[in-house]
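Got your viewer open? Let's take a short tour, one selection at a time.

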Amino acid sequence: MLFRQRFLDGIATGQVTLAFRRWEKPAVTPGRTQRTPAGVLEFLAVDLMALAAITDREAKQAGYKTLDELRQELAAGREGKIYRIRFHLAGPDPRIALRKRTSMTAAERKVIDGKLARLDAASRHGPWTRRVLDLIRRNRGVRAVELAARIGGEADKFKLDVRKLKELGLTKSLGTGYGLSPRGRAYLKRK
């Protein structure tokens, strides 16, 4: 479940605790969690709603200034039933603390080596992890489309690959492009 940037600050402060979506069937499940830029959300409830049953208070809890604003957005959106999703911020994204680490033990390095080797082995376009890490190291803040072109790849596939490196705490997204995290720099330092 994606959240637009305008809602993330409210989620981070705990002011936004509801979302409304049009779905054919629910895309989230109570009790499950999801990482977002605001932190890890835990979904508490997913309820089918009628557009007319949404209250002004609920619209504000979802981060809208007015009920009309929310209703217009839902009316203009895709087809499907309307669901109210209740959630709370369960904690920070664990990848943030991971990528801030500036040192690495031999055991941690070995684990990362194994995970990168598995990513390379599973790739349809051959080994890529070291090449992409080096590319990001040399080109901090360069847009994905430009980086992908430098290695003869497609931007969407490149972004997916970078997300896999981000899961390991090795890269981070910048306002524009990517950069190595301190953990990523520590990993590459001894390679």
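Here is a walk from the whole chain down to single residues.

The model is predicted, so local features need pLDDT of at least 70 and side-chain atom pairs count only at pLDDT 80 or more, while totals for chains, interfaces and linings use all residues. Residues are numbered from 1 along each chain as its sequence is written, and side-chain values use heavy atoms, leaving out hydrogens and water.

**Whole chain.** Show the cartoon of the protein chain: you should find nine helices and six strands. These are DSSP runs (H or I, at least four residues, for helices; E, at least two, for strands), numbered from the N terminus. The C-alpha trace spans about 60 × 35 × 30 Å along its principal axes. Of the 191 residues, 41% count as buried; buried means under 20% relative accessible area, exposed over 50%, and partly exposed in between, with a 1.4 Å probe and protein chains only.

**Helix H9.** Next, select residues 182-189, which make up helix H9 and include Lys189. Is Lys189 buried or exposed? Lys189 counts as exposed because its relative accessibility is 67%.

**Helix H4.** Now move to residues 94-100, helix H4, and pick out Arg99. Arg99 is buried but has no salt bridge, that is, no side-chain nitrogen of Lys or Arg within 4 Å of a carboxyl oxygen of Asp or Glu. Its nearest side chain of opposite charge is Asp93, 5.6 Å away. Beyond neighbours within four places in sequence, Arg99 has contacts (heavy atoms within 4.5 Å) that include Lys166, Thr171, Ser181 and Arg183.

Notes. Lys, Arg positive; Asp, Glu negative; His and termini not counted.
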